[in-house]
Each structure stands twice: as structure tokens, then as C-alpha cells.
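Please look at how side chains meet in the structure shown here, with attention to aromatic rings and to charged groups.

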Amino acid sequence: MNPLPILRAAASMFVLLLAGHVAAAPSAQLFDAVKKPEALDADWRARLCALLPQPCDPQALGLYRPRGAVPGDYAVFSSEPLAMARIRRVAATGTWQLNRLHDFSGYAAASMKKAAATGMAGSRISLAPALYPLAEGRWAAAVLQTVSEMYSGGGASFSKADFVPLEDASRAVYEGIPFSCSKMIRACFSEKEYKQSKHCHDESSGSLRISYGEAASPGEAYSWQYTWLQSEWPQNTPASDITTTRLHFTARTTERASFCGGPQ
């Protein structure tokens, strides 16, 4: 029996399988804050500022380690300018080397201009210390817009995210996604109430989770599914009475997230 037809058929099937193969989406890349960066370099803020777009505020920097990275690999996240850089520390010389720079300062300026026009000029722009998978080989950063409120004996913070591709920081793929929130309202006002109450505040907190599905075909975008987790701790209740709700939503239905009662 001639084995060539069988081999050709097997090879053709293998090619078809490769053509139709779609890799599963990876997880988000997370970065852990370096707890004592001064132990690495007492002048790390000034030296890393020199590697970023100017002007740079040294106090606006955060030094991070990518999870699972090899020794010497770091990342710096800056809110002024809005930028992220992958860097490497050369232990032998104590110097820092810039590997990749992602500049979001133009996007930040446009966001602040838009916020001022909509009456949210007091919002703060920052980057979340993570990268989010868009498609095979493509990642996005989360540009956070945070609004804070101060109350007597409490306060609140509400953050929404625009997910902006690293390779094109002029536009967002997803905009205005509820990212995190916290709210604390004082509920006791007298010394007697403070002594008798188990818990003297109404508190709530929320955070976003994202799960990633495989692309419909090679090269296309991964599917994103949002899950919003929100906890409520009413006044005068023990910690065991904290309730947590879970909500699944898409980019088109973000108004369904409670968002700690904050702005939608």
C-alpha cells in the first residue's frame, strides 16, 4: 500500500488544525509595589524621573516588580507625567536602564480637558499597576479617573477606568468602566452613640474583576467579561453582617453597577 496519500492527508489535517487554532487568553499582568525602594537606591526617584518624559514629578512615581519577573526587572508608574516604563536595575553598577516606555501624557491631557468641560475638574488621573490582554501580543493599561469627596467623619472615592492600548495611547478601547469605590458615612454623633453602637459608620466598597475569553479567530480581540463585587457594612452591625453582591456586566451596561452610590 502506498503510504503517500495517507501522509498527505495527515499533513493537510495538521495545517487545518493550526489555521483554526485559537490560543486561550492570558491573565492580566500584575505588578507588586516595592516596599522599600530606598534600600535599592536612595536616589531612585530622581534617577527614574530622568528616564521619563519631562517635566517629571519625583513624588508622583511608584516602583513595582512584575510578578514572576527575573531578578533586576522592574516597572515604574508615574502620574506626572502619566507614563509607565519597564526598566532594569544593573546590580553591578547600581544604574537603571530603560527597556520600554509607554507615554500616556497626551491621553491624560485630553481626559482632564474633557473632565473640566463636564464639571469634574477636581478628578485625579493615574495608572493602575497592571496590564490587560486585548489580543495576542496586544495589551492595554488602565487609565484611572478618580473623584474624591470629603464628609464630616468620613469620605468617598470613586474610580473609573479607560483601557488604553500600549501601542496607541491616543484612544481607549473601553471607556468609563467602574473600577473601584469606597464610601464611609458617619452615623454616630454623640459620645453616648459611640459607646453604645457596634459600628458607627455606613460603609461600602466595590472593585472590578475581569475574565478573558479566547478570540473568535486568530488575531482577533479576546472577549472581556466584567464582574463587579460590592460589600456593604451598615451602621450598628457587627462585621459578620457585611454583605457582598456580585454583578456581571458588559461595557454597554455599566450603569447597572451600584458603584458605592457614586457618579455613573
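The report below turns from aromatic pairs to charges over rings and then to salt bridges.

## Aromatic pairs

The model is predicted, and it holds 13 aromatic pairs. In one of them, the rings of Tyr132 and Phe163 have centres 5.1 Å apart and planes at 80°, so this pair is edge-to-face, an angle over 60 degrees being what that term requires. Tyr132 belongs to strand 6 (residues 124-135) and Phe163 to strand 8 (residues 154-165), so the contact ties together parts that are 31 residues apart in sequence. Both residues count as buried: Tyr132 has a relative accessible area of 8%, and Phe163 has one of 0%.

Phe163 also pairs with Trp224, and because the centres of these two rings lie 5.1 Å apart with the planes at 85°, this pair too is edge-to-face. The contact links distant parts of the chain, with Phe163 in strand 8 and Trp224 in strand 11 (residues 223-233), 61 residues apart. Trp224 is buried as well, at a relative accessible area of 12%.

## A cluster of rings

Which residues do ring pairs link into a cluster? The cluster consists of Tyr132, Phe163, Tyr174, Tyr212, Trp224, Tyr226 and Phe249. Phe163 therefore takes part in the pair with Tyr132 and in the pair with Trp224, and these three residues are among the members of the cluster.

## Arginines over ring faces

Arginine side chains also meet aromatic rings in this model. Arg65 lies over the face of Tyr74, at 5.3 Å from the ring centre. Arg89 is placed over the face of Trp96, again at 5.3 Å from the ring centre.

## Salt bridges

How many salt bridges does a search of the whole structure find? The search finds five, and among them is the one in which the side chains of Arg67 and Asp32 meet, with 3.0 Å from N to O. Arg67 lies in the loop between strand 2 (61-66) and strand 3 (73-79), whereas Asp32 lies in strand 1 (residues 29-33), so this pair ties together parts that are 35 residues apart in sequence. Arg67 counts as exposed at 53% relative accessibility, while Asp32 is partly exposed, with a relative accessible area of 32%.

Glu167 forms a salt bridge with Arg138, and the closest N and O atoms of this pair are 2.7 Å apart. The pair links distant parts of the chain, since Glu167 sits in the loop between strand 8 and strand 9 (174-186) and Arg138 in strand 7 (residues 138-151), 29 residues apart. Both partners are partly exposed, Glu167 with a relative accessible area of 49% and Arg138 at 30% relative accessibility.

## A salt bridge with a buried aspartate

Asp41 and Arg47 also meet through their side chains in a salt bridge, at 2.9 Å from N to O. Is Asp41 buried or exposed? Asp41 has a relative accessible area of 6% and is buried, because the term applies under 20%. Its partner Arg47, at 41% relative accessibility, counts as partly exposed.

Terms used:
Residues numbered from 1 in each chain as written. Predicted model: local features only at pLDDT ≥ 70, side-chain atom pairs only at ≥ 80, totals over all residues. Heavy atoms only, no water. Phe/Tyr/Trp six-rings, centres within 6.5 Å; stacked < 30°, edge-to-face > 60°. Helix = DSSP H or I, 4+ residues; strand = E, 2+ residues; numbered from the N terminus. Buried < 20%, exposed > 50% of the residue type's maximum accessible area, 1.4 Å probe, protein only. Lys NZ or Arg CZ within 6 Å of the ring centre and 35° of its normal. Salt bridge = Lys/Arg side-chain N within 4 Å of Asp/Glu carboxyl O.
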